[in-house]
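Welcome to my notebook. I sat down with a structure that was new to me and wrote down what I looked up, one entry at a time.

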Amino acid sequence: MTLKEINDCYEYSSLYEGDEIQPRTFARYKDFIAETFPCYIDFNQRTGKYELHRHQALYGEDDSLYDYLLSAYHIEGMTELALKHRDKILLSEAPTGVENVQVILEAIDKKRGIECDYYSFNKKSVKHQLLIPYFLRTWEQRWYLAAEPENHHHGISIFALERMENIILTNEKMLPSNKITVEEYFDGSFGVNHSDEQKPEKIKIKVYDTQVEYVRRLPIHESQKEIETNSEWNIFEYRLVPCYNFYQQLLWHREKLEVIEPQYVRDEIKAALKKMLEYY
């Protein structure tokens, strides 16, 4: 945007007091933004407009955290108007467990463990846990923690933050026994599913008609590559470990998607469809 366009938007802000933002004032604001937020504003001499950029040194090549934080600032910036017109907005649920993110990040920062009461869906019971945090991840509107139980016997396990209660930091420092990175741990994983036994493999699917655009805009997996194009269908390739959640995602696309290879993944989808037919 140009400074004039920025001022035009500023007129609709609750902070507007009837005066435009002057160039010298805007320069101070730019400096404050660069020091405070996950981005900075730079002037493009060619276009004559100000542009928003992320701090390369902070975020590296991964845009996901930058995009997530920036979206939060977008929401905060429209809070007043959103509340004023709340009868015109229908939102999906926000990711659950967000109230526990801060304390877990604090534990990671201070190299501490966490204690909590954790509810297990499988066992339908609550167990007190002492965990060493590794990584945080969002998946299907939930926050998850990859952590190592204190006894170290079971390696890294996944815990849903929404099922944690009474979280506190340990007094003593507790360091992970494994030096694995978040990229290495989730390599080839679909969502929060992780397998030490299976290795990621190539999977090809054929997507039909207008569903191609949906898959392009919202990839089924971060490894998605488009390898063949046709007027009626496109073929996409993935590198991952097939799991229940992956099959569920493929079935979500109904008759607009076909698994090409490997054969056993085709067979899994075929078996699921046959089972579904029994209900009809």
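My entries below go from the whole protein to a few of its parts.

**Entry 1: the whole protein**

I began by noting that this is a predicted model. I counted the elements next: the protein has 10 helices and 11 strands. Then I looked up the radius of gyration, which is 24 Å, well over the 19 Å given by the globule rule for 280 residues, so the protein is more spread out than a compact globule. Along the principal axes, I found that the C-alpha trace spans about 70 × 60 × 40 Å.

I also checked burial, and 32% of the 280 residues count as buried. The protein exposes about 19,600 Å², and I noted that carbon and sulfur atoms supply 52% of that area. For contacts with a separation of 6 or more, I read that 54% are between residues 24 or more positions apart.

**Entry 2: a four-stranded sheet**

In what order do the four strands of the open sheet lie? I read the order as β9-β10-β8-β11, with antiparallel pairing. The edge strands are β9 (225-229) and β11 (257-261), each of which pairs on one side only. From one strand to the next, the twist averages 30°. A reminder to myself: strands of a sheet pair through backbone hydrogen bonds, either parallel or antiparallel.

I then followed one pairing in detail. Strand β8 (residues 201-208) runs antiparallel to β11, and four bridges join the two. For I205, I found the bridge partner in β11 to be V259. I also noted helix α10 (residues 263-277), which lies across β8 and β11 and runs at about 145° to β11.

**Entry 3: helix α6 and the loop before it**

Which residues of helix α6 are buried? In this helix, residues 101-110, I listed V101, V103, I104 and A107 as the buried ones. Their cover includes β3 (112-120), β4 (125-139), β5 (142-149) and β7 (164-173). Just after α6 comes K111, and I noted that its phi is positive, near 55°.

On the other side, N100 sits in the loop between α5 (79-84) and α6. Is N100 buried or exposed? I put N100 down as buried, because its relative accessibility is 10% and the cut-off is under 20%. Leaving aside neighbours within four places in sequence, N100 is in contact with L161, M164 and I167.

**Entry 4: F186**

I found F186 in the loop between α7 (182-185) and β8. F186 is buried too, with a relative accessible area of 8%. Again leaving aside neighbours within four places in sequence, I listed F135, R137, I158, G191 and V192 as the contacts of F186. I also looked up L240: F186 and L240 are 54 residues apart in sequence, and their C-alpha atoms are 9.7 Å apart in space.

**Entry 5: cysteines**

How many disulfides does a search of the whole structure find? I got zero. Why does C9 not bond to C39? The sulfur of C39 is the closest cysteine sulfur to that of C9, but the two are 16 Å apart, too far for a bond. A disulfide would need the sulfur atoms within 2.5 Å.

I ended by checking accessibility for two cysteines. C9 counts as partly exposed, at 46% relative accessibility, while C243 counts as buried, at 12%.

Conventions:
Residues are numbered from 1 along each chain as its sequence is written. This is a predicted model: local features need pLDDT of at least 70, side-chain atom pairs count only at pLDDT 80 or more; totals for chains, interfaces and linings use all residues. Side-chain values use heavy atoms; hydrogens and water are left out. Two strands pair if DSSP finds at least two bridges between them. Axes are lines fitted to C-alpha atoms, for helices over the stretch in contact, and angles run from 0 to 180 degrees between N-to-C directions. Contact means heavy atoms within 4.5 Å. Buried means under 20% relative accessible area, exposed over 50%, partly exposed in between (1.4 Å probe, protein chains only). The radius of gyration is taken over C-alpha atoms; the globule rule is 2.2 Å times the number of residues to the power 0.38. Accessible areas come from the Shrake-Rupley method with a 1.4 Å probe; for residues, only the protein chains shown count as cover.
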